[in-house]
Every structure is written in structure tokens, then in C-alpha cells.
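User: I should like to go through this model by question and answer. Please show the sequence and structure before we begin.

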Amino acid sequence: METPGRRGYAWAVGAGLNAALAAVSAKLIASQVTRYGLVILFNVTMWGCYVNSLKSLSSLQATVTNFATNFLTSGLAGFFLFDELLTPKWFAGALLIVIGVVVLSKSSIESKSKTE
């Protein structure tokens, strides 16, 4: 059975993926009308996912999960689609972001369970 917290994280990850897709479509699509249409579509979808994540998570958990997913997905899309260089500093920063998300999520969960 899926817990509300897991569902919230899934929505936050979906928001981050849609934000990255908006950026990628802005760079890849040649037709200006299609480009703007996709950017608007992905951003509206991102906000919908983010709002749904807020129903199960704290705003801090939803925001950092969204940000981390967007950062990692955008970086990997840049590497695979646009031949951008990912330096060891980028990987170190990405690792620190993921560790930060885990720490913030666990501390929020622990403090919430102590108050209940």
C-alpha cells in the first residue's frame, strides 16, 4: 500500500521532471509556437504536480525534492542532448543536494512523529 508521503514525493519528482522538460523543449524545438506551447504545458503540469505534492509533504520537503529532481534531470539532459560537460564539481554538488534532500526529509519526518 502506498503511503501519502510516498505519493507526495512522487508528485514532487514529477514536478521537477516537468520543469526540466520545459527547459529542454525550449532549447530543442525549432517551431516557436510549438516551443512556447510546450513550455507552457510543462510549466502548468509542473505547478499541478507541485501543488499535489504539498498535500502530503511539508513545503520544505516538496520544494527541495522538486529542486533536486530539476537540477539532476537538467544536468543529465544537458550532457546527453547538448554534449555539455559535467565536471567532478557538478557531481559533488549533485551528491550534496541529494544528501541534503535526504537529511531534510528525515528530519522533517522525525520532528513530525515526535509532535504526534
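The questions and answers below go from the whole chain to single residues.

User: On what basis are residues numbered and values computed here?
Analyst: This is a predicted model, in which local features need pLDDT of at least 70 and side-chain atom pairs count only at pLDDT 80 or more, while totals for chains, interfaces and linings use all residues. Side-chain values use heavy atoms, with hydrogens and water left out, and residues are numbered from 1 along each chain as its sequence is written.

User: What pattern does the secondary structure follow along the sequence?
Analyst: Helices (H or I, at least four residues) and strands (E, at least two) are DSSP runs, numbered from the N terminus. The chain has four helices and zero strands. Read along the sequence, the pattern is α-α-α-α.

User: What percentage of the residues of the chain count as buried?
Analyst: Buried means under 20% relative accessible area, exposed over 50%, and partly exposed in between, with a 1.4 Å probe and protein chains only. Of the 116 residues of the chain, the buried share is 28%.

User: Where does UniProt place the feature "transmembrane region"?
Analyst: UniProt positions follow the numbering used here, feature names are shortened, and annotations may be inferred rather than shown by experiment. In the model, residues 9-30 are 91% helix and 0% strand, with end C-alpha atoms 33 Å apart. Residues 88-105 are 100% helix and 0% strand, and their end C-alpha atoms lie 26 Å apart. The unreviewed UniProt entry places the feature at residues 9-30, 36-52, 64-82 and 88-105.

User: How many Å apart are the end C-alpha atoms of α3?
Analyst: The expected span of a helix is 1.5 Å times one less than its number of residues. For the 24 residues of α3 this gives 34 Å, and the model agrees, because the end C-alpha atoms are 33 Å apart.

User: Which residues of α2 are buried?
Analyst: Helix α2 covers residues 32-54, and its end C-alpha atoms are 33 Å apart, in agreement with the 33 Å expected for 23 residues. Its buried residues are F42, M46, C49, Y50 and S53.

User: Is Q61 buried or exposed?
Analyst: Q61 is found in helix α3, and its side chain reaches the backbone nitrogen of S58 at 3.1 Å. Its relative accessible area is 7%, so Q61 is buried.

User: Which residues make the nonpolar surface patch?
Analyst: Patches are made of residues with over 30% relative accessible area and no salt bridge (a side-chain nitrogen of Lys or Arg within 4 Å of a carboxyl oxygen of Asp or Glu); like charges are joined within 9 Å and nonpolar side chains (Val, Leu, Ile, Met, Phe, Trp, Tyr) within 5 Å. Helix α3, residues 59-82, gives the largest share, four residues. F80 is in this helix and is exposed, because its relative accessible area is 61%. The patch, of about 500 Å², is made by L28, L76, F79, F80 and L81.

User: What is the phi of D83?
Analyst: D83 is found in the loop between α3 and α4 and counts as exposed, because its relative accessibility is 71%. Most residues other than glycine have a negative phi. D83, a residue other than glycine, has a positive phi, near 55 degrees.

User: How many Å apart in space are L85 and G75?
Analyst: L85 lies in the loop between α3 and α4 and is exposed, because its relative accessible area is 74%. G75 is one of the buried residues of α3. The two residues are 10 apart in sequence, and C-alpha to C-alpha the distance is 9.2 Å.

Methods
Accessible areas come from the Shrake-Rupley method with a 1.4 Å probe; for residues, only the protein chains shown count as cover. A polar contact is a pair of N or O atoms within 3.5 Å; within protein, one must be able to donate a hydrogen and the other to accept it, and residues adjacent in sequence count only if both atoms are side-chain atoms.
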